[in-house]
Structure formats: structure tokens, C-alpha cells
Amino acid sequence: MQQTLAGKNILLGISGGIAAYKCADLTRRLIERGAKVHVVMTKAAQEFITPLTMQAVSGNPISTSLFDPTAELSMGHIELAKWADLVLLAPATADLIARVAAGMGNDLLSTLVLATDAPVAVSPAMNQQMYQNIATQENIATLARRNMMIWGPGKGEQACGDVGMGRMLEPMQLVGLCEDFFAPKPLHGRSVVITAGPTREAIDPVRYISNHSSGKMGFALAATAAKLGANVSLISGPVSLATPNGVNRIDVTSAEEMYQASLKLAKQHDIFIGCAAVADYRPEHLATQKIKKSADNDNMHISMVKNPDIIAAVASLTEARPFTIGFAAETQDVENYAKDKLQRKGLDMICANDVSVEGQGFNSDNNSITVYWADDKKELGFGSKTELSQAILLTALGQID
Ligand code: PMT
């Protein structure tokens, strides 16, 4: 097992929800990866899972009360608050979230949250109606505003039979978030703007010209850049993907809208990545009404005009120009076409992908990429879009520094 959490002290705060039973598994998984885990349980949490179970899996005494002289002797509550590198509240019930939002210290767990200077992650878990309640939503927004990380909840069937938002994330999802949190952040202090997905060029009010881009590559880049510590803006064409955690998303439809958003944001960011499959041309005239089929027109001609080249415009900025990375989606002679685009568009780097090969490129979870820059190239090979995103960003960092 990779020791991704080696030396990390995690204070797991369990409150009284049915998902508390998952905390035994969560603790085991964290420890397997090298973390040290101390568990604090509210009174209600002990109705769902016993302190004895949590003590057995964590290997540490369980803290349950502010007024327990024995526990205070082993590790007092202030000491515990200082010991933590991360406080993880899971499950965080509506009640615990409300008490933390109000700054209350009426039990050990809420007192610890007040007393710690460690980052706090909150994993909400409750009935979907309670989660939707405006009071809960406002309390969660308050915690987020105070820079607490909100991990979840997930959606699905609930213990009470309801279906909706409010399930605690699964133990392995929480472990993954802990790993991301503690992972090195080589892009800390950098900002990245990424375009993703297709553009749609309207023909009439019901039809458009577009392409097969799903947005997966651009969204993977955005998620990875955020995990590596960057401040990320994602300009997305119409796709059906969820916004990655911590990413500021701007939705656009046409190439012209993507151009406007890109030019506005490019100057405010250190790195620009043009991953979108931007339509090179758009219909010259937009019909105001649906174009009708008639008996005497078997052929239809649409006159097209060139769209602005977004990435070329970004690369030619004379002030506050970001490090500019393009993509080249090619079906033949990949290297030559990619190098030509690198030079012609004035880019710093280009990621070439052969989109004629099945199982990579458009609308796939995988890709195969070679990166080119002025005087060299790097073969990143075949892999998931997430793996390749990390390799692309680290290669770019090597060129910037
Ligand atoms: O979205 P997925 O389904 O995950 O697929 C990923 C992808 C195949 C779309 C992606 O990996 C990719 O290759 N994106 C670029 C697609 C493309 O339009 O390539 P191009 O060779 O036509 O354009 C070259 C570069 O110029 C690109 O950076 C493109 O964003 C940019 N461009 C193109 C035209 C234009 N008007 N403005 C631009 O900025």
C-alpha cells in the first residue's frame, strides 16, 4: 500500500448519523496509508457506533467528553486540537454543522473545531430534506466562507428510504480527498485558465454545427490543476460534466463567446490552456426562424465565415501574456501539423493527440499525447486523461521555471 498519508495526523470527528458506521472502514483505510488517526465522538455518534470499535480500529483512545479527566490526562482537548494536521468531520450532521457555524463549543467536538488552527473538512450526511433546508444550506455556506472544505454529500438512496442529496461520501472517496489535500502542490500560487468542450455555431433557432468533444480532457486538466494547488478558471462549451472541485467555471456556447471570455481572463492568469475544440467556422447568417424544408430544395448551402482564433489571440497579447499551451487534434501527420500550429499560433507548448485512433481522443476517458515546444518534445504516451493532465501540467511547469 502506498504511504500517501505517511506522518499525517487526522482528527476524525464523528457526529450522530447512520453513516457513522462507515467510520470504522474509513479509519482503517486512512491508517493503511500511513495516517495517524485520533477519533472524537459526540454523544449521539456513540448511539450508532461504539467507542470500543473506533478504539480498536484507530489504535488510540477515543475522546468523547470535555469533562473526562482520564482522557484529558492522555491528550487534553487543546493538545488534540494542536496535534491535528487535518480535522475531518464525518459524518457531519445538520446539528453539528449548525453548531460549528454558530461558533458554539457545547461539546468536545465543537470545542475542538473552535480550538484548532488545522484545516477543517466537513462531510455532510443527513436526510435529503434536512440537507435542502435553507438553514442547513446557509450554515454550510458559512463554513465554506470560512475556508472549511465541504466534502460531499453524495446523492442516492438514504437509510430512511428517501432518495436525494445527503449521503456521506464513501470511505474511499474521503480517503482520496485526504490524499489530494496532503499531496504536494507544485502549482501553488499559480493561476490557470482552461478552455474545454466543443463550441456550437447556430444555424437557426433549433440547429447548430458542432463536434464530438465531450470536455473530458479539459475538465481533467482543470481538476488536476486545482489538485496541484492552482487557482483554476474553466471556460466550458456545452458539455454534461460536473464542475471539478474548487474550479471557477464559466459556461459559453459559441466560439465568439469563448473568445470574449478567454481574452478577458487570459491576462489575469499565468497559464492559458486551449483544450476546447473550437469551431473554425460559423454560419455567416443566423436565420431568425427555423429554416423550412421545401419540395423544391434538395440541396442546402450554408455560407460559413471564419471564427476568431482564440489561442492565437491569447498568444499574441503584448501585456500580461500567459504561458500559452494549445492542443492539436489531428488525424494524420500528427507531428508536422502540431509543430506547424505551435509556430503559426505563437504558442509556448502544444499537446498533440491523434484523434483517428479508437479508444483515445474525442469522448474517451483516455488519450495519447506528445508535447512539443520550440526546441524539444516529450512523449507522454497513452493513459487516462487525468494521468496525462498531471504530466502536461508538470511538463509546462518545467518550461516556465
Ligand atoms: O473533449 P474530449 O472529448 O475529452 O476530447 C479532447 C480533445 C480531442 C478535444 C482535445 O484533446 C483536443 O485535442 N483539443 C483541441 C481540439 C482542436 O480544436 O484542435 P485544433 O487542432 O483544431 O486546434 C488547435 C488549437 O487551436 C487548439 O488549442 C484549439 O483550442 C485552438 N483553437 C482552434 C480554433 C479556434 N478558432 N480557436 C482556437 O483557439
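## A hairpin with a glycine

Let's start at the hairpin formed by β6 and β7, where 5 residues lie between the strands. Among the residues of this hairpin is G161, whose phi is positive, near 100 degrees. Keep in mind that this is a predicted model.

The two strands of the hairpin, β6 (residues 154-157) and β7 (residues 163-167), pair in the antiparallel sense, and 4 bridges link them. You can find one such pairing by looking at G154, which stands opposite R167 in β7.

## The five-stranded sheet

Now turn to an open sheet of 5 strands, paired in parallel. Reading across the sheet, the order is β2-β1-β3-β4-β5. Which strands stand at the edges? They are β2 (36-41) and β5 (149-150); each has a single partner strand, so one side of each is left without a neighbour in the sheet.

Inside that order, β1 (residues 9-14) and β3 (residues 86-92) run parallel and are joined by 4 bridges. To trace this link on your screen, look for L11, whose bridge partner in β3 is V87. Helix α2 (residues 51-58) packs on the sheet, where α2 touches β1 and β2. The direction of α2 makes about 170 degrees with that of β2. Another helix, α5 (residues 94-101), lies across β3 and β4 (120-124), and α5 runs at about 135 degrees to β3.

## Two pairs of helices

Helix α5 also has a helix partner. Its axis and that of α8 (residues 134-145) come within 9 Å and cross at roughly 50 degrees. Angles between 35 and 65 degrees count as oblique, and α5 and α8 are therefore oblique to each other. Their crossing is left-handed. On the α5 side, the residues that meet α8 are A94, I97, A98, V100 and A101; on the α8 side they are T136, N139, I140, T142 and L143.

A second pair is made by α1 (residues 23-32) and α9 (residues 171-182), which pack at an angle of about 40 degrees with their axes 9 Å apart. Here the crossing is right-handed. From α1, the residues D25, L26, R29 and L30 take part, and they meet P171, M172, L174, V175 and C178 in α9.

## A mostly covered helix

How far apart should the ends of α10 (residues 216-227) be? At 1.5 Å a residue, its 12 residues should span 16 Å, and the end C-alpha atoms are indeed 16 Å apart, which agrees.

This helix is mostly covered, with 9 of its 12 residues buried. The buried residues in α10 are M217, G218, F219, A220, L221, A222, T224, A225 and A226. Just after α10 comes G229, which takes a positive phi of about 100 degrees.

## Two residues to compare

Is S191 buried or exposed? This residue of strand β8 (residues 191-196) has 10% relative accessibility; the cut-off for buried is under 20%, so S191 counts as buried. Setting aside neighbours within four places in sequence, S191 is in contact with N231, Q268, H269, D270 and I271.

Q2, by contrast, is exposed, with a relative accessible area of 65%. You will find Q2 in the segment before β1. The C-alpha atoms of Q2 and R33 are separated by 6.2 Å, while the two residues are 31 residues apart along the chain.

Definitions and conventions. Residues are numbered from 1 along each chain as its sequence is written. This is a predicted model: local features need pLDDT of at least 70, side-chain atom pairs count only at pLDDT 80 or more; totals for chains, interfaces and linings use all residues. Side-chain values use heavy atoms; hydrogens and water are left out. Two strands pair if DSSP finds at least two bridges between them. Contact means heavy atoms within 4.5 Å. Axes are lines fitted to C-alpha atoms, for helices over the stretch in contact, and angles run from 0 to 180 degrees between N-to-C directions. The expected span of a helix is 1.5 Å times one less than its number of residues. Buried means under 20% relative accessible area, exposed over 50%, partly exposed in between (1.4 Å probe, protein chains only). Angles under 35 degrees count as roughly parallel, over 145 as roughly antiparallel, 65 to 115 as roughly perpendicular and the rest as oblique. A crossing is left-handed if the near helix is turned anticlockwise from the far one by less than a right angle, and right-handed if clockwise.
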